[in-house]
Amino acid sequence: GWHIKGGGKGLIIVAHGYTENMGNGSYVRKAIEGMLSRGFDVVAFDFRGHGRSGDAPSTVGPREAEDIIAIIDWAEKKLGTEKAALIGYSMGAMASIIASTMDDRVAVVVADSPPPGLPQAIARGLKVFAGLPEGLASFMKLWARLLYKVNPDNYVMWDLAEKTRAALMVVVGTKDPFISVDEAQRIVEAARKAGVPAELFV
């Protein structure tokens, strides 16, 4: 990963999307440059199974949230960081929301195009990435349970948003193949019910 010092205003962790890595996504570079120009320090890294992080299998969110928390642990130990903000894209957005329910050191999450949940990510990903019918998702969900010990049904974003303590912004496009504006709004409303600031940006 990269730790890039800015002006010391706070730490931003940038989480890339599925099949991307910290170096090949133009949106990751733009996020890094934008945060540095505003005086923040930035950490960017490769999730498991991506870039330079080796061949560990991706779970498209649940285990990736553990990767984020490991970065926060490192930042607390090495930099004295008490709170961090997360900027996540697609899979990284979903992992960021999950991480915010697991660790109170996550103060802010900007979730750009998060799939509304792991079940939807599996179904829609089959169509977008592989051109396969979404009906195969039930098999893939069973595979996730057996091989990775992950139950996709436990990772629905509006259910998790009710448990977050982090301020949340969800960013979504009107033609995003993974999440609709209505689904994004549902995530935001769930976070508001939890009593945290939450906004939708379309």
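The following exchange covers helix packing, the nonpolar cores and one proline in a predicted model.

Biologist: What limits apply to the values in this model?

Modeller: Residues are numbered from 1 along each chain as its sequence is written, and side-chain values use heavy atoms, with hydrogens and water left out. As the model is predicted, totals for chains, interfaces and linings use all residues, side-chain atom pairs count only at pLDDT 80 or more, and local features need pLDDT of at least 70.

Biologist: At what angle do H4 and H5 pack?

Modeller: Helices are DSSP runs (H or I, at least four residues), numbered from the N terminus. Axes are lines fitted to C-alpha atoms over the stretch in contact, and angles run from 0 to 180 degrees between N-to-C directions. The axes of H4 (residues 118-130) and H5 (residues 137-148) are 9 Å apart, and the packing angle is about 125°.

Biologist: Is H4 roughly parallel, roughly antiparallel, roughly perpendicular or oblique to H5?

Modeller: Angles under 35 degrees count as roughly parallel, over 145 as roughly antiparallel, 65 to 115 as roughly perpendicular and the rest as oblique. The angle between H4 and H5 is about 125°, which makes H4 to H5 oblique.

Biologist: Which residues of H5 make the contact with H4?

Modeller: Contact means heavy atoms within 4.5 Å. H4 contributes Pro119, Ile122, Ala123 and Leu126, and H5 contributes Ala137, Met140 and Lys141.

Biologist: How are H2 and H3 oriented to each other?

Modeller: The axes of H2 (residues 62-79) and H3 come within 8 Å and cross at roughly 65°. H2 and H3 are therefore roughly perpendicular.

Biologist: Which helix gives the largest share of the largest nonpolar core?

Modeller: A nonpolar core is a set of buried Ala, Val, Leu, Ile, Met, Phe, Trp, Tyr and Cys residues joined through side-chain atoms within 4.5 Å. The largest has 49 residues, and Ile13, Ile68, Ile97, Val109, Leu168 and Ile187 touch the most other members. Its largest share is seven residues, from helix H3 (residues 91-102).

Biologist: Which residues beyond four places in sequence does isoleucine 97 contact?

Modeller: Isoleucine 97 is among the residues that touch the most other members of the largest core. With neighbours within four places left aside, its contacts are Val109, Ala111, Pro114, Met157, Leu160, Leu168 and Ile187.

Biologist: Is proline 62 buried or exposed?

Modeller: Proline 62 lies in helix H2, and beyond four places in sequence it contacts Ile98, Leu118, Val150 and Tyr155. Buried means under 20% relative accessible area, exposed over 50% and partly exposed in between (1.4 Å probe, protein chains only). With a relative accessible area of 3%, proline 62 is buried.

Note on methods:
Helix = DSSP H or I, 4+ residues; strand = E, 2+ residues; numbered from the N terminus.
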